[in-house]
Amino acid sequence: MADIAREAGVSKGAVSYALNGRTGVSESTRRRIMRIADELGWRPYGVTRAGRVTRADAVGLVLARPARFLALEPFLMSLVSGVESELARRKVALHLQVVRDHREEISTYRRWWTRMHVDGVLVVDLAAADERVTELARCGLPAVVLGGPDGLGPLPGLWSDDTTAMHAVVDHLVALGHRRIGRIAGPARLRHTATRTAAMTHALQRHHLPPAVVINTDYSGDEGAAAARRLLDRRPRPTAVVCDSDVLAVVALGAAQRGRLTVPGDLSLIAWDDSALCELARPALTAVSRDVAAYGAHAARLLLHHIGGQPVSTRADHLPRLVVRHSTARPGPRHP
């Protein structure tokens, strides 16, 4: 009540009148107080007659991306399956919402929290200066971020060591003899994209090699194919390309084959986040592998502990490993 009163510029008594539907404040003041209360996360139905805080027995996951991407992203489907496996075991429901951007995502959090639709949320796709972190910390909605360890504010997170994994990728390619390496990356605004870019730059510097040519995409097949064509049209072209997802790697493989390049004879390819796509491709794709379903289940457990009042801190998940298959080899004889 004190927070609402301060924001509205009124007394706590006026806030009490407005929230309880009593006379004593003007209609315009009541609307202003109710709007601010909603923004601050006031929950009118949060306490039972017995005085106990009620539970929704549900957690939320909001994805700020086009819905059509979901069917094309094995990573997301594996992540959700891991989350759901843990929640189902605890008889907790998962609310999944697809929105256009972070502004709609924040509005969804506010609506869920004020109406007691969820007890907490999982947050994905951590961005630089992420406004979602600030809002969730302010409104008090329990949250666990899948990302980090930087940029989390006071929120706990579960993160994957992309830096060490990227060094392993570069070391593998350099050991094979590659000196010109490109990368098809995800959106530049995402923290894990920036982390991988910085790690790749540092790893190449360690080997006294020039920086990689990095082309950012939205993870879609169309942008991935366009990025692959741009890289393969360069002179001199890269002899190896690292792709930030399995889908990007598969479309890069198709672009290379349409350009009459052999993989791995003319071009080596590495995918980030292993999946059945990498194993079914021909040739099978070398990939940075981790158990994404287990990652989701781990995040869900952390969130349930957080909701239950247990102390939860940011921690690293299992280190990703490089699975070498048939898409990487020594550079072939013809390199323009």
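1. The secondary structure of this protein chain, which is seen here in a predicted model, comes to 12 helices and 12 strands. Measured out along its principal axes, the C-alpha trace spans about 85 × 40 × 35 Å.

2. On burial and surface, the chain has 336 residues, and buried ones make up 52% of them. The area that the chain exposes is about 16,000 Å², of which carbon and sulfur atoms supply 52%.

3. On contacts along the sequence, if one takes those in the chain with a separation of 6 or more, then 70% of them are accounted for by residues 24 or more positions apart.

4. On charge, the chain carries 45 positive side chains and 33 negative ones, and the centres of these two sets lie 1 Å apart.

5. Helix α7 may serve as a first element to follow in the structure. This helix covers residues 162-176, which is 15 residues, and the distance from its first C-alpha to its last is 21 Å, close to the 21 Å expected at 1.5 Å a residue.

6. The two ends of α7 can be described separately. At the N-terminal end, Asp161 acts as a cap, with a side-chain oxygen placed 3.3 Å from the backbone nitrogen of Thr163. At the other end, α7 is followed by Gly177, a residue whose phi is positive, near 110 degrees.

7. Which elements do the buried residues of α7 pack against? The buried residues of the helix include Asp162, Ala165, Met166, His167, Val169 and Val170, and further along His172, Leu173, Val174 and Leu176 are buried as well. Their partners are the helix α8 (191-206) together with the strands β6 (181-185), β8 (240-243), β9 (268-272), β10 (286-289) and β12 (321-323).

8. Ser327, in the segment after β12, deserves a separate look. Is this residue buried or exposed? Ser327 has a relative accessible area of 0%, and it therefore counts as buried, since the cut-off for that word is under 20%.

9. The side chain of Ser327 has polar partners in the backbone of other residues. One of its polar atoms lies 2.6 Å from the backbone oxygen of Leu269, while the side chain also reaches the backbone nitrogen of Thr286, at 2.8 Å.

10. The surroundings of Ser327 can be listed once its neighbours within four places in sequence are left aside. Ser327 is then in contact with Val263, Pro264, Leu267, Ser268 and Leu269, and also with Pro283, Ala284, Leu285 and Thr286. Leu269 and Thr286 in this list are the residues whose backbone atoms were named above, Leu269 through its oxygen and Thr286 through its nitrogen.

Technical notes: Residues are numbered from 1 along each chain as its sequence is written. This is a predicted model: local features need pLDDT of at least 70, side-chain atom pairs count only at pLDDT 80 or more; totals for chains, interfaces and linings use all residues. Side-chain values use heavy atoms; hydrogens and water are left out. Helices (H or I, at least four residues) and strands (E, at least two) are DSSP runs, numbered from the N terminus. Buried means under 20% relative accessible area, exposed over 50%, partly exposed in between (1.4 Å probe, protein chains only). Contact means heavy atoms within 4.5 Å. Accessible areas come from the Shrake-Rupley method with a 1.4 Å probe; for residues, only the protein chains shown count as cover. Lys and Arg count as positive and Asp and Glu as negative; His and the chain ends are not counted. The place of a charge is taken as NZ of Lys, CZ of Arg, CG of Asp or CD of Glu. The expected span of a helix is 1.5 Å times one less than its number of residues. A polar contact is a pair of N or O atoms within 3.5 Å; within protein, one must be able to donate a hydrogen and the other to accept it, and residues adjacent in sequence count only if both atoms are side-chain atoms.
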